[in-house]
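Please look at the sequence and the structure shown below. The paragraphs after them give a guided reading.

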2 protein chains.
Amino acid sequence: MLKTRLFTPGPTPVPEETLLELAKPVTYHRTAEQKQILGEVIADLKYVFQTANDVIVLTSSGTGGMEAAVSNVLSPGKKAILLTAGRWGERWRGIMKGFGIEVVNVEVAYGKAIPPAMLEEALANNPDTVAVFATLSETSTGVGHDVEAFGKIVAKTSALLVVDGISGLGAMECRTDDWKIDICVSGSQKALMLPPGLAYVSVSAKAWQVIEANTAAKNFYFDLKRYRAKLPENDTPFTPANTLIRAQRVSLKRIRAEGIENLWARHARMGAAARAAIAALGLTNFAERPNNAMTVITVPASIDGNELLKNLEKKYGYKLANGQDSMKGKIWRLSHMGYCDMFDVIGALSALELALLDAGYKFQPGAGVAAAQRVLTGRG
Amino acid sequence: MLKTRLFTPGPTPVPEETLLELAKPVTYHRTAEQKQILGEVIADLKYVFQTANDVIVLTSSGTGGMEAAVSNVLSPGKKAILLTAGRWGERWRGIMKGFGIEVVNVEVAYGKAIPPAMLEEALANNPDTVAVFATLSETSTGVGHDVEAFGKIVAKTSALLVVDGISGLGAMECRTDDWKIDICVSGSQKALMLPPGLAYVSVSAKAWQVIEANTAAKNFYFDLKRYRAKLPENDTPFTPANTLIRAQRVSLKRIRAEGIENLWARHARMGAAARAAIAALGLTNFAERPNNAMTVITVPASIDGNELLKNLEKKYGYKLANGQDSMKGKIWRLSHMGYCDMFDVIGALSALELALLDAGYKFQPGAGVAAAQRVLTGRG
């Protein structure tokens with residue numbers, strides 16, 4: 001027997017009680033009970049986002065939430081600054097291209113973090129910028145960007161700060177209001193411990209003003225004003241994936257019980273432990289400024305990165321993620337977000353050690369696990 | 001003890017084995033197994049659609065599928081003919097308004113069906129029409145439109161026929177290819193026996209030509225070309241609601257086992273039985289040309305329509321749907337689609353009789369159930 005274990009940066013494992021909620025009979029979506037559930041989910045999402053802003057629940061993947069931000073705030077010909085250092089920054093660019101937006105690219109290499117000074121300069125050179133688009137956790141590289149610093153810079157201008165927090169929210173500190181994030185987008189299938197299918201979008205008063213003034217917007221399903229109109233009654237304009245919403249309530253209660261700061265601290269511990277293990281194995285972390293949602297490892301020159309991942313899955317049951325597109329075979333992405341505890345991380349590191357041994361990589365067996373243990377028990 | 005029974009025209013009851021599939025552990029969405037599943041789902045959807053055209057799977061509500069049709073085929077300033085006789089025809093109009101489309105309205109009253117001759121005239125008067133938008137089953141009124149006749153008319157022109165088959169597909173005859181439907185949109189939560197969260201869109205070769213030529217389209221998440229590019233590998237461009245897709249496979253296997261013509265015949269029998277019962281109770285069907293997904297009953301003048309529905313739910317456990325917006329309190333909508341058999345219908349009709357008795361309505365108790373029994377057993 002070999003169990004299958006999921007360590008991809010979304011979808012992530014879902015708690016058993018949440019899965020069982022999904023197996024309950026389907027109910028109608030326009031009932032007092034359903035409205036009560038959506039109301040609770042939105043209140044708990046506000047807690048996770050650390051915001052008093054409106055939070056909108058969309059039935060879509062995270063990209064749909066990102067499109068909602070773009071299509072509501074901007075219209076063809078308007079200007080946006082894009083901070084990008086990976087595939088998910090490029091996702092913002094793809095969406096903006098689809099909507100005819102003029103994009104000012106502020107770009108650094110994969111694995112690097114955007115220096116806030118570059119944003120400051122871009123904003124000074126482009127005073128007609130309507131919004132700045134950033135990424136909290138760049139899932140393609142493992143970098144966590146300094147959104148707090150971005151927020152301080154953007155807040156001094158009339159521009160909005162729009163953040164893709166899809167894989168970051170809940171896995172690393174993110175204080176939507178304190179950090180002046182006008183629109184923060186997240187998804188259900190990362191640290192929020194649900195299967196894919198729901199996206200969440202917080203919208204500040206400053207952002208609503210821009211949205212209301214944007215009369216040339218081209219949208220309908222992602223028209224955030226339609227969702228806002230239904231918020232007072234805890235309802236949605238279109239049939240939502242209501243069984244997913246019901247199940248999200250279950251996972252959010254778990255987050256409430258743990259407490260958001262404890263949640264961040266748990267992810268920080270798991271991230272630090274994985275990074276310590278990687279270093280102890282003589283491997284290098286790919287991300288310059290690592291987020292705590294995942295650990296991204298540079299594949300050593302002596303190893304076939306694709307083959308090792310296949311072996312890890314087939315022989316040991318551990319499913320990690322490969323690099324995407326140009327990064328394929330060059331990095332391994334080990335997620336430790338959501339429904340993941342210290343022994344899950346220890347197990348994954350142990351499997352990684354065994355796969356490295358199989359690949360003929362030289363290191364002291366057990367050194368990675370030992371380093372992780374020290375960090376996880378506070379003796380690191 | 002009183003069981004809760006769902007008879008709303010979406011969401012509808014989901015088979016137990018499909019619900020249990022949703023409770024299984026979450027898996028990664030970019031695996032050979034997941035691609036195999038999506039491939040099977042698409043093949044089975046083609047069977048349900050009765051099409052050899054591409055079928056695209058979207059993570060969204062049905063409205064998202066409708067938006068995909070509008071935003072891919074049309075762009076601001078282009079012209080469309082809208083056949084509308086209810087709230088879901090108006091949904092097409094709302095989406096087209098959101099995308100700046102010029103709409104030619106061909107409209108008849110709620111409860112009526114669009115005469116095909118009206119479409120013929122509108123097309124003659126508007127030779128620059130890019131597409132005609134229609135509704136297979138108008139869920140707000142219970143009408144089934146004559147899409148087969150529309151198809152014969154539209155096929156003679158360069159225009160596309162785009163059909164909202166969300167609540168109709170699987171519940172009433174719909175032959176996408178034989179009827180020349182260029183784009184047919186459906187949803188998971190109606191006759192396809194899944195919770196809400198997925199939309200399906202079939203696209204003909206004629207439609208792909210129009211989409212490719214439509215370079216002014218404004219979209220990204222619903223850009224159908226992005227989905228088509230992933231079809232050869234049975235993949236999706238964005239993280240799909242992959243546990244819903246896995247569960248859809250289970251419900252589709254049930255449909256395959258029953259056979260599409262048997263499925264249509266079962267719905268036709270249930271529809272005929274419910275209509276016979278309504279007539280035997282001295283009530284009238286609201287829909288001029290009823291579809292078989294639901295039976296829509298005109299509330300008699302002597303009865304408070306809202307109160308009866310509340311009583312039906314509270315005292316007997318049966319959840320039917322009220323009329324929407326202007327129709328609230330004026331009609332009752334009894335769905336019999338998807339995971340619904342003859343005794344489910346008999347039970348609902350029995351509960352309706354009891355609620356009518358409670359409301360002081362005069363009729364021969366048991367007459368409705370008896371009429372339905374005669375039809376369901378072929379003695380009607």
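The text that follows considers the two chains together and then one helix of chain A.

The model is a predicted one. A turn of 180°, with a shift of 0.0 Å along the axis, lays chain A on chain B with an RMSD of 0.0 Å. Such a relation is that of a two-fold axis. Both copies use the same surface, since 100% of the contact residues of chain A recur in chain B.

How many residues of each chain are in contact with the other chain? The contact involves 44 residues of chain A and 44 residues of chain B. On the side of chain A that touches chain B, at least two residues are supplied by each of the helices α1 (16-22), α3 (62-73), α4 (87-98) and α9 (242-258) of chain A. The largest share comes from α3(A), with four residues. By character, the residues on this side of chain A comprise 21 nonpolar, 19 polar and four charged.

Attention now turns to helix α6 of chain A, which spans residues 147-154. Which of its residues are buried? They are Val147(A), Phe150(A), Gly151(A), Ile153(A) and Val154(A). These residues lie on the same side of α6(A) because they cover an arc of only 165° around the axis. A general property of helices is helpful here: an α-helix has 3.6 residues a turn, so residues three or four places apart point the same way. The partners of the buried residues of α6(A) also belong to chain A: these residues pack against α5 (116-125), β5 (131-135) and β8 (160-164).

Definitions and conventions:
Residues are numbered from 1 along each chain as its sequence is written. Chains are lettered from A and ligands numbered from 1 in the order in which they are written. This is a predicted model: local features need pLDDT of at least 70, side-chain atom pairs count only at pLDDT 80 or more; totals for chains, interfaces and linings use all residues. Copies are superposed by least squares on the C-alpha atoms of residues with pLDDT of at least 70 in both. Two residues are in contact if their C-beta atoms, placed from the backbone, lie within 7 Å. Ala, Val, Leu, Ile, Met, Phe, Trp, Tyr, Cys and Pro count as nonpolar, Asp, Glu, Lys and Arg as charged, and the others, Gly among them, as polar. A residue is buried if 20 or more other C-beta atoms lie within 10 Å of its own, exposed if 12 or fewer, and partly exposed in between; C-beta atoms are placed from the backbone. The arc is that of the directions from the helix axis to the C-beta atoms.
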